[in-house]
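Work through the exercises below with the sequence and the model open. Each task is followed by a solution in steps.

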Amino acid sequence: MSYPLRRRLWAAALILGFFVLWEVLCLALQVSDLILPRPSQILATLFSRMDVLWPHILQTLWTTMIGFALGVIVGVVIGALIGTSRIAYDTAYPLLIGFSSIPKVAVVPVLVLWFGAGPLPAVLTALAMCFFPIVVNIATGLASTEPELEDVLKSLGASKMDLLLNVGLPRTMPFFFASLKIAATFAFVGTVLAETVASNKGIGNVMMSASSNFDVPLVFAGLFILAFLGVALYVVFSLIETRFVGWANRKSDFAST
Amino acid sequence: MDIAESSIRPRDAVELSRASVAFGRGEAKVHALQPTDLRLAEGEFLALVGPSGCGKSTILKLASGLLRPSSGNVIVGGREVAARALRVGMAFQNPTLLPWLTIERNVMLPLKIVRPFRNEYRLKRKTEFRDRVHALLDDVGLSKFTNHYPWQLSGGMLQRANLCRALIHEPSLLLLDEPFGALDQFTREELWGTMQALWMKRRPTVMLVTHDLKEAGFLATRICVMSARPGRIIDDRPVEFPRPRTVEMTFMPDFVALNQRLRERIIDARSTQIAEVG
Ligand SMILES: Nc1ncnc2c1ncn2[C@@H]1O[C@H](COP(=O)(O)OP(=O)(O)OP(=O)(O)O)[C@@H](O)[C@H]1O
Ligand SMILES: [Mg+2]
């Protein structure tokens, strides 16, 4: 059996084992489902209440995708600016670091104050959570061109634009796609965060109200949905990544075959 | 009148007159190159040798137009270098091929950038330019690897491709900064042969920086030795061994004697620097 296949089987077995252990322990120790429901109960809740949950899932997904898309645009623009210009880098970086280290939970009330409870604060929180990794990755990718290569091309009369199009951008693609994976997950976290604090729709809101009604299985069903969506987003962007920047990984594939 | 003059003396491909370079200013000022005169005729193959840090790479940067002299001037192909419409090719120790392009596309890259080729790039990249790249790759023995990616090639093969990239736009001046420095002895000697064949076939003007005196003697028509920093040229001699030269020739008494003389000059140059520092 090849190593990657074996690795995948082990990973699947570990996940399955985790849930089985959970189920068995809950049964053996007779844990009340008001504290920790069993996975089978959670799944049952998930399916029986899907009709109610579904609009909320869609809401959360949409909000995430819009925030994410805006975050990508903002991130790429800022990243390209500070990656190509030394001055922009030196001037803007401290501000960016400062902004990114504010816990985003603290921003949500401000957004609600300005825009009212609803989808807009959630979109903006998602944006604020996800643009920073993109900025950092784009900027690093653009800045990491070898000086010799730059000399070779400049001595051919290459303009800044030539360098950007032929070297800078293609070299940045692996960094960019790697950051998309992370940014998508971050945007998701941002959305749920905002929904939890102030919204009347979305998975975050469902979990909040379920928790105040002591509907514990529903809270956990929300958690399951969040985990599933998070993984799904990550997988989608990993697939896109391998499709577009396979060259960055080919070296290791080649060595192992 | 031009015709009469140029029949007496071939046109200079490179001309440094009293060109000097200093980096930084004030306390931190570093004199990298003393005012230097250097003329290179078209088709010459010059090797620059000298102690580390003496300004060899700096001279290449002057000739490429990447660096302006602090004083004096640099004329390449009859034009002041600052004019920046040069056709130079450069290759360094690090091949810096782009990992996302095939060897063919890597070698073709200059045609996408240099005028006048870039205007025709879209039109000809699949026909004329492609044939041209293949012919060149064939000359260096890489015709089977045109569609491979850089990571599929060995260090020596990458360096061959790198030479092709530096030559594809038929530069009037080829600048090589220790291009074979990272290779093992056998691969290096193999590449000397390749380089010599390329030069004999296409006759570009070449400036080669190297630490390997045998390499200088094997390839060059002329060798300049530089003093320690701030560098200047302290020895300038032609190399008149017949071509094509072979590795066996590097063991002949004449060749060994040339190496010996160059070695002494460089050791002299280094010891004066050490005396000044200590
Ligand atoms: N950008 C720079 N700023 C400051 N000093 C520099 C710069 N580039 C080169 N120097 C200095 O100029 C001197 C000459 O450098 P150069 O790279 O031409 O040496 P070299 O002869 O090519 O050395 P080596 O054989 O080690 O490659 C060196 O002492 C170096 O410290
Ligand atoms: Mg050097």
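**Exercise 1**

How many Å from an oxygen atom of ligand 1 does a polar side-chain atom of Ser52(B) lie? Place the result among the other residues around the ligand.

*Solution.* The model is a predicted one.

Step 1. The distance from a polar side-chain atom of Ser52(B) to an oxygen atom of ligand 1 is 2.6 Å.

Step 2. For Ser57(B), a polar side-chain atom is 2.6 Å from an oxygen atom of ligand 1.

Step 3. Arg229(B) has a side-chain N or O atom 3.0 Å from an oxygen atom of ligand 1.

Step 4. The surroundings of ligand 1 include Gly53(B), Cys54(B), Gly55(B), Lys56(B) and Thr58(B). Phe23(B), Ala32(B), Glu178(B) and His211(B) are also among the residues around ligand 1.

**Exercise 2**

Describe how helix 3 and helix 5 of chain B are arranged, and determine which residues make their contact.

*Solution.*

Step 1. Helix 3 of chain B covers residues 103-113 and helix 5 of chain B covers residues 128-139. Their axes are 10 Å apart, and the packing angle is about 115°.

Step 2. Angles of 65 to 115 degrees count as roughly perpendicular, so helix 3 of chain B is roughly perpendicular to helix 5 of chain B.

Step 3. The two helices, helix 3 and helix 5 of chain B, make a right-handed crossing.

Step 4. Helix 3 of chain B contributes Ile103(B), Glu104(B), Val107(B), Met108(B) and Leu111(B) to the contact. From helix 5 of chain B come Phe129(B), Arg130(B), Val133(B), His134(B) and Leu137(B).

Step 5. Sorted by class, this contact of helix 3 with helix 5 of chain B holds 7 nonpolar, 1 polar and 2 charged residues.

**Exercise 3**

Which elements make up chain A, and how do its helix 9 and helix 10 cross?

*Solution.*

Step 1. Chain A has 11 helices and 0 strands, so its elements read α-α-α-α-α-α-α-α-α-α-α from the N terminus. Along the principal axes, its C-alpha atoms fill a box of roughly 75 × 60 × 30 Å.

Step 2. In chain A, helix 9 (residues 203-212) and helix 10 (residues 216-244) cross at roughly 160°, and their axes come within 8 Å.

Step 3. Angles over 145 degrees count as roughly antiparallel, so helix 9 of chain A is roughly antiparallel to helix 10 of chain A. The crossing of helix 9 and helix 10 of chain A is left-handed.

Step 4. On helix 9 of chain A the contact residues are Ile203(A), Val206(A), Met207(A), Ala210(A) and Ser211(A). On helix 10 of chain A they are Leu218(A), Val219(A), Gly222(A), Leu223(A), Ile225(A) and Leu226(A).

Step 5. This contact of helix 9 with helix 10 of chain A has 9 nonpolar, 2 polar and no charged residues.

Definitions and conventions: Residues numbered from 1 in each chain as written. Chains lettered and ligands numbered in written order. Predicted model: local features only at pLDDT ≥ 70, side-chain atom pairs only at ≥ 80, totals over all residues. Heavy atoms only, no water. Axes fitted to C-alpha atoms, helices over the stretch in contact; angles between N-to-C directions. Helix = DSSP H or I, 4+ residues; strand = E, 2+ residues; numbered from the N terminus. Parallel < 35°, antiparallel > 145°, perpendicular 65-115°, else oblique. Left-handed = near helix turned anticlockwise from the far one by under 90°. Contact = heavy atoms within 4.5 Å. Nonpolar A, V, L, I, M, F, W, Y, C, P; charged D, E, K, R; others polar. Near = heavy atom within 4 Å. Polar contact = N/O pair within 3.5 Å; in protein donor to acceptor, adjacent residues only side chain to side chain.
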